[in-house]
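Biologist: I am new to this structure and would like a close look at a single part of it, chosen by you, with enough of the surroundings to place it. Please go slowly and give the reasoning where there is some.

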Amino acid sequence: MAKEYKVKMLKNGEKRYIFDINLGYRSDGSRIRTTINAKSIKEGRKKVAELRLGASNVIKSDCMTFKEAYDLYLIECKKKDSPTTYVNKSGCFRNRYKYFENMKINKIKENDIKTWIDILHKDLKPGTIKSRESFLSAFFNWCIKRKIINTNPFTYVDRTRSNQKKKLNFWTEKEFQMFINTIDDGYYNLIYTTLFYTGLRKGELFGLKYEDIIDNEIHLQRTVKSVNGKMIESEKFKTDSSKRIVPIPKWLDFGSGKGFIFNTKDYLHLQRIFKNDIIKANAKKIRIHDLRHSYVAMLISKNVDIFTVKELVGHSKITMTIDTYGHLYPDKRKEISNLF
């Protein structure tokens with residue numbers, strides 16, 4: 001009899017229990033399987049039970065509805081996605097997919113997609129519609145991968161275009177210094193300084209523990225997110241590239257201790273406090289996330305190349321870095337002209 005789990009030893013000596021799960025069979029007879037990682041046998045068995053409760057025993061693509069397929073999709077998403085992404089896919093995104101819920105998944109055609117997009121245009125902005133389209137297309141690709149359907153109905157549909165590209169708002173290093181000199185509260189002074197000189201996302205900042213600071217570097221291990229008003233610690237980052245090592249100035253001192261460096265409860269209030277501090281300092285108005293943009297702008301002003309910038313901010317693709325920050329490299333065009 002096959003053992004219900006395998007044991008994997010991590011580099012740090014910890015054990016992980018790997019459960020191989022059979023979720024049923026497709027109409028062609030192929031097996032639908034997935035794996036679960038758990039820190040204990042009890043935890044693993046609990047996850048297996050939850051999976052099996054949510055999955056059908058037999059999947060027949062010729063009679064499966066969109067709803068049934070999406071339910072299976074969410075089972076996998078819960079395992080691999082960040083808590084915030086999962087909540088979006090299972091909540092606000094799914095609300096916009098109700099048009100398809102009772103349709104047979106293999107009967108959805110281009111015209112159905114076009115009709116759905118027309119409905120979205122009645123009350124959503126182009127940028128929002130574009131993101132809903134992307135997530136829905138990703139779902140159909142998942143269905144192809146699981147052999148539930150053969151083609152993606154989105155393939156020949158023109159996607160919504162959004163010309164509303166936001167203008168980057170950021171501080172120069174001089175502007176930041178003028179602001180930070182007005183912050184007498186040591187705790188928030190350290191938060192703002194860390195964000196400006198590391199480019200961390202807010203969730204990454206509040207996920208920092210003292211043990212993550214090694215030799216003037218931050219070794220990111222986790223992130224913190226607010227899900228329905230509840231703070232959740234997660235080792236799942238926005239992308240695989242987000243779990244990175246970030247250098248910090250030698251003079252930036254986090255002190256010593258155990259546990260989180262910053263109080264995770266302050267995650268929800270940071271933007272409001274930052275806004276009030278900006279008003280008191282009479283500084284240019286920016287958002288807390290704009291400190292990340294300020295970090296990149298500072299790197300570019302110090303002639304750091306775009307590939308290094310990509311690694312430092314944790315983008316999954318260089319195109320994302322170029323699309324967001326490429327316009328901050330105007331002097332590079334002049335340099336190329338001078339080469340000739």
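Modeller: A disulfide is counted here when two cysteine sulfur atoms lie within 2.5 Å of each other, and by this rule the count for the model, which is a predicted one, comes to zero. Two of the cysteines can be placed nonetheless: Cys77 has a relative accessible area of 0%, and because buried means under 20%, Cys77 counts as buried. Cys143 is likewise buried, at 0% relative accessibility.

The part I have chosen for the close look is strand β4, which covers residues 217-219 and contains His219, together with the loop that leads into it from α9, where Asp215 is found and where Asn216 also lies. Most residues other than glycine have a negative phi. Against that background, Asp215 has a positive phi, near 50 degrees, and Asn216 has a positive value too, near 60 degrees. As to the surface, Asp215 reaches 70% relative accessibility, and because exposed means over 50%, Asp215 counts as exposed. Asn216, with a relative accessible area of 33%, is partly exposed.

In the strand itself, His219 has a relative accessible area of 18%, and because this is under 20%, His219 counts as buried. The side chain of His219 makes a polar contact with the side chain of Glu217, at 3.3 Å, and Glu217 belongs to the range of residues that β4 covers. If residues up to four places away in sequence are left aside, His219 touches Asp212, Ile214, Arg244 and Ile245.

Further along the chain, strand β5 (residues 223-227) and strand β6 (residues 230-234) run antiparallel and are joined by five bridges. One pairing can be named residue by residue, since Thr223 has Ser234 in β6 as its bridge partner. The two strands form a hairpin with two residues between them, and in the turn Asn228 has a positive phi of about 55 degrees.

To set this part within the whole, it helps to look at the interior. In soluble globular proteins, nonpolar side chains tend to be buried together. In this model the largest nonpolar core has 45 residues, of which Phe176, Phe179, Ile191, Tyr192, Phe274 and Leu291 touch the most other members. At least two residues of this core come from each of α7 (173-180), α8 (186-198), α9 (202-206), α10 (270-281), α11 (290-301) and α12 (306-313), and α8 gives the most, with seven residues. Phe176 shows how such members meet: leaving out residues up to four places away in sequence, Phe176 touches Trp171, Tyr192, Thr193, Phe196, Tyr197 and Leu291. Apart from this core lies another, of 29 residues, among them Phe93, Ile108, Ile113 and Leu124.

Aromatic rings give a last view, for a search of the whole structure finds 36 aromatic pairs. In one of them, the rings of Tyr97 and Trp116 have their centres 5.8 Å apart and their planes at 50 degrees, so the pair is tilted. Tyr97 lies in the loop between α4 (92-95) and α5 (110-120), while Trp116 is in helix α5, so the pair ties together parts that are 19 residues apart in sequence. Both Tyr97 and Trp116 are buried.

Definitions and conventions:
Residues numbered from 1 in each chain as written. Predicted model: local features only at pLDDT ≥ 70, side-chain atom pairs only at ≥ 80, totals over all residues. Heavy atoms only, no water. Helix = DSSP H or I, 4+ residues; strand = E, 2+ residues; numbered from the N terminus. Buried < 20%, exposed > 50% of the residue type's maximum accessible area, 1.4 Å probe, protein only. Polar contact = N/O pair within 3.5 Å; in protein donor to acceptor, adjacent residues only side chain to side chain. Contact = heavy atoms within 4.5 Å. Core = buried A, V, L, I, M, F, W, Y, C linked by side-chain atoms within 4.5 Å. Pairing = 2+ DSSP bridges. Phe/Tyr/Trp six-rings, centres within 6.5 Å; stacked < 30°, edge-to-face > 60°.
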